[in-house]
Amino acid sequence: MRSLVAGNWKMNGLAASLAELTSLKAALAAKAPVCEVLMCPPFTLLAQAAWTVKDAFALGGQDCSPKDGGAFTGDISAAMLKDAGASTVIVGHSERRQYHGERDGDVAAKVQAAWRAGLNAIICVGETESQRDAGEAHGICTSQLEAGVPAGATAENTAIAYEPVWAIGTGKTPTAADIVAMHGHIRSCLVRRLGEGARQMRILYGGSVKPDNAAEILNLPEVNGALVGGASLKCADFLGIIAAVKPA
Ligand code: PEP
């Protein structure tokens, strides 16, 4: 399986930020990455990004509606993302769960909407700090996977991102042993639920991945790539993470 390094710009980026994608495209053309690369800019930049990037790497959305279309002011459908140039959409990010009250059932409905439109889904799971302190981290991820990953998920149409909420944007990361234990746990849950094919499903790690910790994290067993927030905003940082992936 090829690793995937995915960037999430969150609510950052204006037209001038497309210069970072131009630089990324040039750098990847000069030195082909061993991993797949995906960038998820805000909705407003997606179509322009598609023109800029021209298939040099993949583009994705950061969320989508569970509905296919209609009277849902302010929402963006998966088909709109696809039309604008996305191949993938992030679903169930902890910031959506925290600030928009999204629950696992909403996540599952969004994933199904993504598949209907021909998009792949990256489904985010992860525990809060108090849940980890209470020894509940594995149980929380189990229930998020059971309720948030619909039947029909395959290694081709879905990836999982393990993102401990307390590690996002904080500079804190779990120990290598904790990441390995959680990714192994997620793999077992996926195989139990979806069958042996789920051994090929990517499990990304997300939470304060930077160029200086990427090599350690990205080469751990069962870590099949990264979902990167802050360090995806600058081409040089993101390239440093991409370069840390060793060939499979
Ligand atoms: C994220 O938003 O998914 C994320 C992992 O953010 P950061 O890399 O900034 O912690």
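Which residues are exposed on the other side of helix α2? The legends below take up this question first and then turn to other parts of this predicted model.

**Figure 1. Helix α2 and its two sides.**
In this close-up of helix α2, which runs over residues 43-53, the residues L45, L46, A49 and V53 are buried. These four residues lie on the same side of α2, because they cover an arc of only 120° around the axis. The residues that answer the opening question are T44 and W51, which are exposed on the other side of α2. The buried residues of α2 are covered by elements that include α1 (18-30), β3 (58-61) and α3 (78-84). Just after the helix comes K54, a residue whose phi is positive, near 45°. That sign deserves a second look, because most residues other than glycine have a negative phi.

**Figure 2. The surroundings of the ligand.**
This view shows the ligand with the 14 residues around it, of which K10, E163, G169, S208 and G229 come nearest. The shell of residues around the ligand is made up of 4 nonpolar, 8 polar and 2 charged residues. Three backbone contacts with oxygen atoms of the ligand can be followed one after another in the structure. For G169, a backbone N or O atom lies 2.7 Å from an oxygen atom of the ligand, and for S208 a backbone N or O atom lies at 2.8 Å from an oxygen atom of the ligand. For G229, a polar backbone atom is 2.8 Å from an oxygen atom of the ligand. On its own the ligand has 300 Å² of accessible area, and the protein covers 98% of this area.

**Figure 3. S208, a loop residue beside the ligand.**
S208, which is one of the residues that come nearest to the ligand, lies in the loop between β7 and α9. Is S208 buried or exposed? With a relative accessible area of 8%, S208 is buried, because buried means under 20%. The backbone of S208 also has a positive phi, near 60°, although S208 is a residue other than glycine.

**Figure 4. Helix α9 and the elements packed against it.**
Helix α9 spans residues 211-218, and its buried residues are N213, A214, I217 and L218. These residues are on the same side of α9, because the arc that they cover around the axis is only 120°. On the other side of α9, the residues D212 and E216 are exposed. The partners against which the buried residues of α9 pack are α8 (176-194), β7 (203-206), β8 (225-228) and α10 (235-242). In the loop between α9 and β8 the reader will find E222, whose phi is near 70°, a positive value in a residue other than glycine. E222 has a relative accessible area of 31% and is therefore partly exposed.

**Figure 5. S232 in the loop between β8 and α10.**
S232 has its place in the loop between β8 and α10, and at 2% relative accessibility this residue counts as buried. What does the side chain of S232 reach at 2.7 Å? The side chain of S232 reaches the backbone oxygen of G229 at that distance of 2.7 Å, and G229 is also one of the residues that come nearest to the ligand. When neighbours within four places in sequence are left aside, S232 is in contact with G7, N8, W9, M39 and F238.

**Figure 6. R103 and A147, with residues that lie 41 places away in the chain.**
R103 lies in the loop between α4 (94-100) and α5 (104-116), and its relative accessibility of 63% means that R103 counts as exposed. Along the chain R103 and Q144 are 41 residues apart, while in space their C-alpha atoms are separated by 8.8 Å. A147 has its place in helix α7, which covers residues 137-148, and at 41% relative accessibility A147 counts as partly exposed. The C-alpha atoms of A147 and D106 are separated by 9.5 Å, and these two residues are 41 residues apart along the chain. If residues up to four places away in sequence are not counted, A147 touches D104 and A108.

Key: Residues numbered from 1 in each chain as written. Predicted model: local features only at pLDDT ≥ 70, side-chain atom pairs only at ≥ 80, totals over all residues. Heavy atoms only, no water. Near = heavy atom within 4 Å. Polar contact = N/O pair within 3.5 Å; in protein donor to acceptor, adjacent residues only side chain to side chain. Areas by Shrake-Rupley, 256 points an atom, 1.4 Å probe, with all protein chains shown as cover. Nonpolar A, V, L, I, M, F, W, Y, C, P; charged D, E, K, R; others polar. Buried < 20%, exposed > 50% of the residue type's maximum accessible area, 1.4 Å probe, protein only. Arc of directions from axis to C-beta. Contact = heavy atoms within 4.5 Å.
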